[in-house]
Structure formats: structure tokens, C-alpha cells
Amino acid sequence: MRRHRELSSSKLDLVENFVKNFKKQGGKYEKHPVADSRIRDQLSGSEVPMMKREKAFSANGFYMFVLESNIMLHRHAAARGHKLLSDWCRRNWRNAPIKILDLACGGTPYSIVRMMGACNQYKFSYTGIDINPDQIEAAKASWFPDNVVETRLIEGNAWDLSMLPADEKFDIIFTGMNTHHGTPEEIYCLLLQVKERLAPGGIYINHDLFRPAGTPHLPRPDVNPDDPGESFAMVAHETLAKYHASELASPIKAEPNPRDWRERFLTKYKLALQERGAHEEGIREVVEHVSRRDYPISTKDLEAIAEQAGFVLSVLDMEASGEPLEAYFSLVCAQPS
Ligand SMILES: C[S@@+](CC[C@H](N)C(=O)[O-])C[C@H]1O[C@@H](n2cnc3c(N)ncnc32)[C@H](O)[C@@H]1O
């Protein structure tokens with residue numbers, strides 16, 4: 001376990017300065033020398049392809065601009081999540097730090113950190129997992145509020161929790177902006193692992209991109225259509241088999257509206273970034289990422305998957321944001337049934 005309490009105020013200044021300068025430059029960032037999304041890793045004895053060094057999510061990557069500009073409603077998710085977390089803490093506080101697991105935490109764990117910080121009468125022990133070593137290094141130097149009394153950052157695949165000590169459990173498991181890369185079977189497999197890892201009374205919270213209700217699901221290809229050497233899988237076949245993921249009854253229903261929603265989404269996304277003064281190269285990068293890697297399910301689909309995995313899912317009302325992409329982002333909470 002690493003302690004970062006002593007770093008908090010100076011690191012906060014560093015982060016704020018970084019964001020200020022970053023905005024001044026219109027979202028300009030340094031190029032990362034290694035931007036090869038085909039890098040593969042050995043995990044749990046299986047080869048799983050990774051978004052390990054995607055430029056936008058690497059050191060000084062453009063994602064910081066996306067995050068701070070609230071285009072994906074991080075601030076609103078943090079505010080609604082705070083309400084949920086404080087209710088949970090009030091009912092479950094036992095005078096011991098509340099254990100939080102943050103899957104695909106990124107270099108600046110944002111919403112969950114703000115949720116914990118706002119619950120300042122309670123103490124937290126935080127574990128973050130990310131596949132990108134840059135992001136883990138950045139997260140180690142990132143700001144954590146004083147009531148986060150322990151932080152632990154692990155480089156690894158957040159869709160395979162077998163890297164954690166076998167009997168380790170968490171009170172709250174959180175994913176921000178990552179499950180939209182998974183197929184329904186992979187999400188089912190993840191939820192089954194989450195269920196195993198939740199302490200009694202624990203809950204799973206997810207802030208993510210969801211396809212709008214009534215529009216057709218775009219199934220994720222197994223490999224990158226532009227490069228068959230790159231697999232899109234998030235979970236190794238062995239792990240899917242271990243959790244019998246193929247037994248999931250497909251949650252995907254035929255939808256009345258045949259129009260691909262993604263084109264509209266991307267048009268709005270680009271426009272919103274341009275209006276906020278983002279750098280063209282950064283815009284190109286995230287638009288390419290969404291076009292190539294994002295295959296979100298709807299909140300209805302997630303509800304059906306969660307039910308089969310033994311959860312009850314609630315979609316939480318967030319305050320109206322006025323953000324142009326508001327309809328695409330939700331905060332959901334799953335409780336073991
Ligand atoms: C869009 S960022 C999300 C960061 C943060 N959680 C948030 O809510 O803004 C996605 C992060 O997921 C990480 N990532 C992608 N695939 C992953 C995987 N299989 N396991 C762990 N992290 C992964 C990337 O490195 C990146 O830092």
C-alpha cells in the first residue's frame with residue numbers, strides 16, 4: 001500500500017496548473033513515443049490485447065482536456081455519485097476505511113475521487129487498476145483528498161480481477177468510461193467477477209457512454225476491421241469460459257430505428273470539442289478512438305445483463321447539465337439481488 005496523503009495540496013496545485021496550461025494551449029499535448037495499440041501482454045496466462053498505449057490516454061494525452069471540459073458529464077456523475085456514496089456510507093460506516101476499487105482508473109481518477117472527497121466525514125482506502133503504465137504513474141502522482149487514507153495503484157487488465165489477492169473484497173467497485181469497449185458477454189463476465197469481489201452490502205457504480213434507447217446495437221467486431229492483427233477482446237477466452245459467459249441470454253432486442261446513432265454522436269462530439277477550443281489533432285484522436293473502439297450497449301441492455309449476473313440495476317437521475325451529449329452518458333448503480 002502506498003500513502004499519498006502528504007502529497008495532496010502540492011499535487012493539487014500541480015494538477016490545476018497542468019489543466020490551466022493545457023487549456024491555454026487549446027488541448028495541445030506531447031506526442032507519446034510509443035503509440036502502438038497492438039502491444040500485447042501476458043495476463044493470467046492468456047494473451048489479451050490492450051489499449052495499453054493509446055495516445056489520448058497516455059502521459060499528457062488529450063483525454064485530460066475531454067475530462068476537464070465535462071463533455072462526458074464527469075462533474076455531474078461526481079455530484080450524483082456523491083449523494084449515492086454518502087447515503088451508502090451513512091448506512092454502512094463501521095469506523096474502518098471504506099474499500100473502493102476503481103476499474104480503468106486513468107491517470108487522473110476523477111469522479112470517484114471527488115465522490116470520496118465530498119464524503120469527508122468518512123475514510124476511504126482506494127485501489128485503482130489501469131492497463132496503461134503511464135496512467136498508473138500519473139495516478140500515483142495524482143491528487144487524493146485527505147480522507148483517502150490509503151492508495152494502491154495496479155497496472156493490469158481491469159476486466160480480469162484474478163490479479164487481486166483471492167479473498168480481497170471491496171465495499172464499492174466503480175468503473176468510469178470503460179465498459180463501452182466490451183461485448184455483452186464480456187460485461188456479464190465482468191459483473192460476475194464484481195459480484196465475487198463485493199463485500200456484503202457492497203455496490204457497483206458505473207459512469208459510461210450508452211447507446212440511446214431505440215437505436216440499433218452496433219456489435220463489436222472481434223478484431224479491428226482495419227487491422228486483423230489487432231484483437232478487440234477485453235477478456236481472455238479462458239476467463240469467459242471460466243464464468244460461462246456464453247450462457248448469457250442476449251439482451252439485445254431488434255430496434256425500430258435502423259439509423260446508426262454513432263454518426264450523429266460524433267458530429268456533436270466534434271462540434272462540442274471545437275467550441276471549447278480543443279486542438280484539432282486531439283479531436284482527431286478521440287474521434288478515431290470512438291469510431292474504432294466504442295460499441296456501447298444501452299442502459300436497458302445493461303439492466304438485462306445485470307439481472308442475469310444477479311444484480312438489480314438502477315439508472316440514477318443526474319442534474320440537467322445542458323451539455324450537448326447529455327443523452328449519451330449515464331450513471332448506474334448495481335446491487336446484488
Ligand atoms: C476513458 S479513460 C477513463 C478514465 C477514468 N476512469 C474516467 O472515468 O474518466 C479509459 C482508461 O481505461 C484504460 N483501459 C483501457 N482498457 C483497459 C483495460 N482492459 N484494463 C484496465 N484499464 C483499461 C485506459 O488506459 C484509460 O486510462
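Biologist: What share of the 337 residues of the protein chain counts as buried, and what makes a residue count as such?
Modeller: In this predicted model, 43% of the 337 residues count as buried, the criterion being that 20 or more other C-beta atoms lie within 10 Å of the residue's own. The chain is built from 10 helices and 11 strands, and among contacts between residues at least 6 apart in sequence, 81% join residues at least 24 apart.

Biologist: Why does Val-315 count as buried, partly exposed or exposed?
Modeller: Val-315, which is found in strand β10, has 14 C-beta neighbours inside 10 Å; a residue would need 20 or more to be buried and 12 or fewer to be exposed, and therefore Val-315 counts as partly exposed.

Biologist: With which residues is Val-315 in contact, once its neighbours within four places in sequence are left aside?
Modeller: Val-315 is then in contact with Thr-299, Ser-330 and Val-332, where contact requires C-beta atoms within 7 Å. Ile-205 is 110 residues away from Val-315 in sequence, and the C-alpha to C-alpha distance between the two is 9.9 Å.

Biologist: What makes the length of helix α6 agree with what is expected of its 14 residues?
Modeller: The expected span is 1.5 Å times one less than the number of residues, which for α6 (residues 184–197) comes to 20 Å, and the helix reaches 20 Å from its first C-alpha to its last.

Biologist: Which residues of α6 are buried, and against what do they pack?
Modeller: The buried residues are Pro-184, Glu-186, Ile-187, Tyr-188, Cys-189, Leu-190, Leu-191, Gln-193 and Val-194, and they pack against β6, β7, α7, α10 and β10. Helix α10, for its part, has Thr-299, Asp-301, Leu-302, Ala-304, Ile-305 and Ala-306 as its buried residues, and what covers them includes α6, β10 and β11.

Biologist: Why is β7 described as largely enclosed by the rest of the structure?
Modeller: Strand β7 is described in this way because 9 of its 12 residues are buried. Its pairing adds to the picture: 6 bridges join β7 to β6, and the two run parallel, with Phe-170 standing opposite Leu-198 in β7. The chain crosses from β6 through α6 to β7, and this β-α-β crossover is right-handed. A further 6 bridges join β7 to β11 in the antiparallel sense, where Tyr-204 stands opposite Ala-334.

Biologist: What makes β9 count as hardly covered, and how does it pair with β8?
Modeller: The count of buried residues among the 5 residues of β9 is 0. Strands β8 and β9 pair in the antiparallel sense over 2 bridges, which satisfies the requirement of at least two; Asn-224 has Asp-227 in β9 as its bridge partner, and the strands form a hairpin with 2 residues between them.

Biologist: Which residues come nearest to the ligand, and how does the shell around the ligand divide by class?
Modeller: Of the 22 residues around the ligand, Ala-104, Gly-106, Asn-132, Ala-158 and Gly-176 come nearest. By class the shell has 14 nonpolar, 7 polar and 1 charged residues, with Gly counted among the polar ones. Helix α2 and strand β4 each supply at least two residues of that shell.

Technical notes
Residues are numbered from 1 along each chain as its sequence is written. This is a predicted model: local features need pLDDT of at least 70, side-chain atom pairs count only at pLDDT 80 or more; totals for chains, interfaces and linings use all residues. Helices (H or I, at least four residues) and strands (E, at least two) are DSSP runs, numbered from the N terminus. Two residues are in contact if their C-beta atoms, placed from the backbone, lie within 7 Å. A crossover is right-handed if, with the strands pointing away from the viewer, the path from the first strand over the helix to the second runs clockwise. A residue is near a molecule or strand if its C-beta atom, placed from the backbone, lies within 6 Å of it.
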